[in-house]
Amino acid sequence: MSKPSARQERILAILRSRGPARVAELAREFDVSPITLRRDVEELARREHVVRGHGVVRLPSSRRTDRSTGVVVVMAPPRSAYLAQIVKGAQQAVEELGLRWRVEDIGDREMVGSAVRRGAAVSGALGTLVFPRWRTVAAVEAEGDEPAPGSPAVLVERFAPAGSALAELDAVRTDHSHGVLLALRHLRERGHTRILLVARNDSPTARTIRAAFVAQLPGLGLPLLTEPLLSAAGADPDPGTPVPHVPAVVRETGATALLAHSDVDALNLVQQLHGAGLDVPDDVSVVAYDDVVAGLGGLELTTVAPPKREIGREAVALLLDRVERGGPVRHVELLPGLVDRGSTCPRD
């Protein structure tokens, strides 16, 4: 096997002294085209001298062979019961692999790059699992101007905007469009054709559910009775957004079924319906979304159940694969299921 060229030796020297480097920056430093530099990197990677990924090149990790010291850093919002279950799945996977984990809070407005840099600063960090809050569309769009972080990282329950630098990060999320389809099919099979969506509007998940609901109704032969309704006070980034009285909308539209996100909000909606003289499921069928507490109330709710712990496990697998092998960036979607607990009934 031939030895690395002089330029390739210099690339290795830079990586030893500085750590991970962006391919584009190395091309400028060597005054060669990105294609030429990329060929050098590909040759070095073929010989297992370097690991490629996210437009970044780095030396192979030696930490993968010492799982007593490797740390997986989790950057997650502190007050999300839904995301906490994903974190739990990740923690279980990390412990089963003999690694250590550390959880840090990510701020509502913290950029992904900042979170990854904080994660990389943890002693022994192998990489970072990042749970961006992205409460608003503007927050997501702002990320599009940020360069991709140079340290191994995986976006969890989020995909970055297409074409952004962050889209070069591995990512795993639930296919929430499929979750909405499961709920609508479940209700339609029971004879419901007048269905409302009552949902949050303060996360990428919520926005996906809202868009999928509107988009999928025509294909199922169902009418759009009204635009998605806000599920609770504080469920929209704009505190001034009005919250409708759902029982009144049910009566005005003749709706016989609701899809409600989140399931915490769904349980509160059931109380509203009961207080207005509407029985669940006899008068109004309800499908909740999230399956965090839907099975814990006085009336257990049929719910779309994202594979939360499996998402966490897959995130760990993606991260370790990135650290140890590199290769193409992967965006993975896992399908949710539907748990029938009897809060829907056939429509005569």
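Reader: Which residues are linked with Arg135 and Arg200 in a network of salt bridges?

Author: Keep in mind that this is a predicted model. A salt bridge needs a carboxyl oxygen of Asp or Glu within 4 Å of a side-chain nitrogen of Lys or Arg. Here the network links Arg135 and Arg200 with Asp202 and Asp265.

Reader: Which side chain does serine 231 touch in a polar contact?

Author: Serine 231 sits in the loop between E10 and helix H9 (246-253). Leaving aside neighbours within four places in sequence, its contacts include Arg200 and His261. The polar contact, at 2.7 Å, runs from the side chain of serine 231 to that of aspartate 265.

Reader: Is serine 231 buried or exposed?

Author: The cut-off for buried is under 20% relative accessible area. Serine 231 comes in at 5%, so the label is buried.

Reader: How many salt bridges does the count come to?

Author: One of them joins the side chains of arginine 47 and glutamate 43, with N to O at 2.8 Å. Another pairs aspartate 40 with arginine 7. By the rule used here, the count comes to 15.

Reader: How many residues apart are aspartate 40 and arginine 7?

Author: Their side chains meet at 2.5 Å, N to O. Aspartate 40 belongs to helix H3 (residues 34-46) and arginine 7 to helix H1 (residues 6-18), so this pair links distant parts of the chain, with a separation of 33 residues.

Reader: Which counts as buried and which as partly exposed, aspartate 40 or arginine 7?

Author: Under 20% relative accessible area is buried, over 50% is exposed, and in between is partly exposed. At 7%, aspartate 40 is buried. At 28%, arginine 7 is partly exposed.

Reader: Why does the pair of aspartate 340 and arginine 190 tie together parts far along the sequence, and how many residues apart are they?

Author: The closest N and O atoms of the two are 3.4 Å apart. Aspartate 340 lies in the segment after strand E15 (337-339), while arginine 190 is in the loop between helix H7 (176-189) and strand E9 (195-199), so the bridge ties together parts whose separation in sequence is 150 residues.

Reader: What order do the strands take in the open sheet with parallel pairing?

Author: Strand E5 (100-105) and strand E14 (331-334) stand at the edges, so each has a single partner strand. From one strand to the next, the twist averages 20°. Put the six strands in a row and you get E5-E4-E6-E7-E8-E14.

Reader: Which residue in E7 is the bridge partner of threonine 128?

Author: Strand E6 (residues 125-130) and strand E7 (residues 153-156) run parallel, joined by three bridges. In E7, the partner of threonine 128 is alanine 153.

Reader: At about what angle does helix H4 run to E5?

Author: Helix H5 (residues 112-120) packs on this sheet, and its direction makes about 150° with that of E6. Helix H4 (residues 81-96) lies across several strands, including E6 and E7. To E5, helix H4 runs at about 160°.

Reader: Which strands stand at the edges of the open sheet with mixed pairing?

Author: This sheet has six strands, in the order E10-E9-E11-E12-E13-E15. An edge strand here has a single partner, so one of its sides is left without a neighbour in the sheet. That describes strand E10 (229-230) and E15.

Reader: In what sense do E13 and E15 pair?

Author: On one side, strand E13 (residues 302-305) pairs in the parallel sense with strand E12 (residues 285-289). There, threonine 303 in E13 stands opposite alanine 288. With E15, alanine 305 stands opposite glycine 337, and the three bridges pair E13 and E15 in the antiparallel sense.

Reader: Which residues of E13 point the other way from Thr302 and Val304?

Author: In a regular strand, side chains alternate between the two faces of the sheet. In E13, Thr302 and Val304 point one way, and all the residues named here are buried. Pointing the other way are Thr303 and Ala305.

Reader: Where does pLDDT stay under 50?

Author: The chain averages a pLDDT of 90, and 94% of the residues score at least 70. Where pLDDT is low, the predicted coordinates should not be read in detail. The stretch where pLDDT stays under 50 is residues 62-66.

Methods: Residues numbered from 1 in each chain as written. Predicted model: local features only at pLDDT ≥ 70, side-chain atom pairs only at ≥ 80, totals over all residues. Heavy atoms only, no water. Pairing = 2+ DSSP bridges. Helix = DSSP H or I, 4+ residues; strand = E, 2+ residues; numbered from the N terminus. Axes fitted to C-alpha atoms, helices over the stretch in contact; angles between N-to-C directions. Contact = heavy atoms within 4.5 Å. Buried < 20%, exposed > 50% of the residue type's maximum accessible area, 1.4 Å probe, protein only. pLDDT = per-residue confidence, 0-100. Polar contact = N/O pair within 3.5 Å; in protein donor to acceptor, adjacent residues only side chain to side chain.
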